[in-house]
Amino acid sequence: MLDLRSVIQDFDGVERRLSRRGEGAVATLRPVREMAIRRRELNVALEGMKKRQSEANARVGQLMRTDKAAGEAARAEARAIGDEVKGAEEELRRVEAAIEKVLLVVPNLPHDSVPDGKDEKDNVVVRTWGEKPRLDFAPKPHWELGESLGILEWPQASKISGARFTISKGAGARLERALASFFIDTHLSRGYREVLPPYLVTAETMTGTGQLPKFEEDLFRTQGETPLYLIPTAEVPVTNMHRDEILDPADLPIRYCAWTPCFRAEAGAAGKDTRGLIRQHQFHKVELVKFSRPEESMAELERMVDDAQEVLRRLGLHHRVVELCAGDMGFSAAKTYDLEVWLPGQEAFREISSCSNCEDFQARRIRVRTRGEGGKPRLVHTLNGSGVAVGRTVVAILEQCQQADGSVVIPEALRPYMGGLERIVPEKFPRGVER
């Protein structure tokens, strides 16, 4: 959430910075201008009312000792002023609640270093690692490979749960489990602490990281008097772990990694990536979360990107790092890098990780602070990134490591996690005849 004081002090400047995200972002902020003026008017009026109330109360005490009738009149005046104060305070609470409601749907301000642009066509490729695999045959997309190998199943998943679900079988299931362990072990070796958070969280928790109220249609939730939400990413529970806490500066930066399932309604994804593993309602991901001193957060973002790249480098997967333009960034981000992996079966780079510095945008919502000079509390900066998406790594391995005979070579770094398996070959699972 944006800082109201900063917005009020330089509304035009904030609006200009927000305009880099597009006119829609600016439009969400505009109602705050008039409400902020009314808030200031009420605060000034309240200051005067309370001064008058204090003076009236003082007169009551003086007059009651000398002139009871005059004292009663002064008391009635003080009571009337008190009613005015209560009315103004109630209006102020309503105005401040309305301002907060608006600010909860206003996106973060882009960092000055973020390139201008409207959408993904304006993103900037920062660097590329490795080379495209040289295949002397026509590469297949992962959904064809998964079916022919017998390790990915969609008809049965659809029968159980509907569209956008997958069953991984045999070496496919083991590959997902192996990747998660490999990712976690790699990140632990680079200074992260592993956590296993809840998968169901409260509305307050979702609001803390920015999923609510703006993106409720993308979430799954339980029914009942107090609904809980299925997490769309481990960023949500892990970032909220330190809600309402003051962190010791000596402990910063704090670096967490977590492997969890993720659940997304994909409400705005009709017709997109309907085949394969790219866009599912349920998938697994290893998430990286950091709490940093403000002056160190951009350096921590660069390190997080390198941490995410490291798992791809160890797997030998050709990929690139892309800096997102202002118009393509997520709601809570001040600066974002995407990692995109090459998929020869689709002849395209596809996102496999997104790493963002949210600066104090989330910390203000969840009130996570540390101490600065003189011990004065100040907001921390929060960062999050995929380290990386497990299902999309399965996609990358299947497509980049496929062989002419239809088998898939397991990257060497992953083989110890696969029980020494070097290659995935076709498997056959029992299947009945549909009635």
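# Sheets, cores and a pocket

Me: What makes strands 7, 13 and 14 a sheet, and in what order do they stand?

Reply: The three strands form an open sheet in the order 7-13-14, with mixed pairing. This is a predicted model. Two strands pair if DSSP finds at least two bridges between them. Strand 7 and strand 13 (residues 369-371) have two bridges, in the parallel sense. So that pair meets the rule of at least two bridges. One bridge partner can be named: Leu-247 has Thr-370 in strand 13.

Me: Why do strand 7 and strand 14 count as edges?

Reply: Strand 7 (246-247) and strand 14 (377-379) each have a single partner strand, so one side of each has no neighbour in the sheet.

Me: In what order do the strands of the eight-stranded sheet stand?

Reply: The order is 1-10-11-12-15-9-8-4. This sheet is open too, and its pairing is mixed. Its edge strands are strand 1 and strand 4 (193-194), each pairing on one side only.

Me: How do you know that strand 10 pairs with strand 1, and over how many bridges?

Reply: Pairing needs at least two bridges. Strand 1 (residues 124-129) and strand 10 share five, in the antiparallel sense. Therefore they pair. Val-124 has Glu-323 in strand 10 as its bridge partner.

Me: How many bridges join strand 10 to strand 11?

Reply: Five bridges join them, and the two strands run antiparallel. Val-321 is matched with Leu-339 in strand 11. Strand 10 (residues 319-323) is also mostly covered, with four of its five residues buried.

Me: What makes strand 12 and strand 15 a pair?

Reply: Three bridges join them in the antiparallel sense. The rule asks for at least two, so they pair. Asn-357 stands opposite Leu-383 in strand 15.

Me: Why is Arg-164 called buried?

Reply: Its relative accessibility is 15%. Buried means under 20%. Therefore Arg-164 counts as buried. Arg-164 is found in the loop between helix 7 and strand 3. Its C-alpha atom lies 9.3 Å from that of Glu-266, 102 residues apart along the chain.

Me: Why is helix 13 called mostly covered?

Reply: 11 of its 11 residues are buried. Among them are Val-390, Arg-392, Ile-397 and Glu-399.

Me: What does Ile-397 touch beyond its neighbours within four places in sequence?

Reply: Ile-397 is in contact with Leu-175, Leu-179, Leu-317, Gln-402, Val-408, Val-409, Pro-411 and Leu-414.

Me: Which residues have the most contacts inside the largest nonpolar core?

Reply: They are Leu-175, Leu-179, Phe-183, Ile-397, Leu-398, Leu-414 and Ile-424. The core has 49 residues. Elements that each supply at least two of them include helix 8 (171-188), strand 9 (282-292), helix 11 (297-315) and helix 13 (390-400). The largest share, eight residues, comes from helix 8. Another core, of 30 residues, lies apart, with Met-1, Ala-25, Ile-81 and Ile-99 among them.

Me: How much space lies in the second largest pocket?

Reply: About 340 Å³. Of its 17 lining residues, the closest to the centre are Thr-166, Ser-168, Glu-176, Gln-282 and His-284. Helix 7 (155-161), strand 3 (167-168), helix 8 and strand 9 each give two or more residues to the lining.

Me: How do the residues of that lining divide?

Reply: Eight are nonpolar, seven polar and two charged.

Notes: Residues numbered from 1 in each chain as written. Predicted model: local features only at pLDDT ≥ 70, side-chain atom pairs only at ≥ 80, totals over all residues. Heavy atoms only, no water. Core = buried A, V, L, I, M, F, W, Y, C linked by side-chain atoms within 4.5 Å. Buried < 20%, exposed > 50% of the residue type's maximum accessible area, 1.4 Å probe, protein only. Contact = heavy atoms within 4.5 Å. 1 Å grid on protein atoms, 1.4 Å probe; cavity = no way out; pocket = protein on both sides within 12 Å on 5 of 7 lines; lining within 4 Å. Points joined across faces, edges and corners; volume = space filled by probe spheres on them. Nonpolar A, V, L, I, M, F, W, Y, C, P; charged D, E, K, R; others polar.
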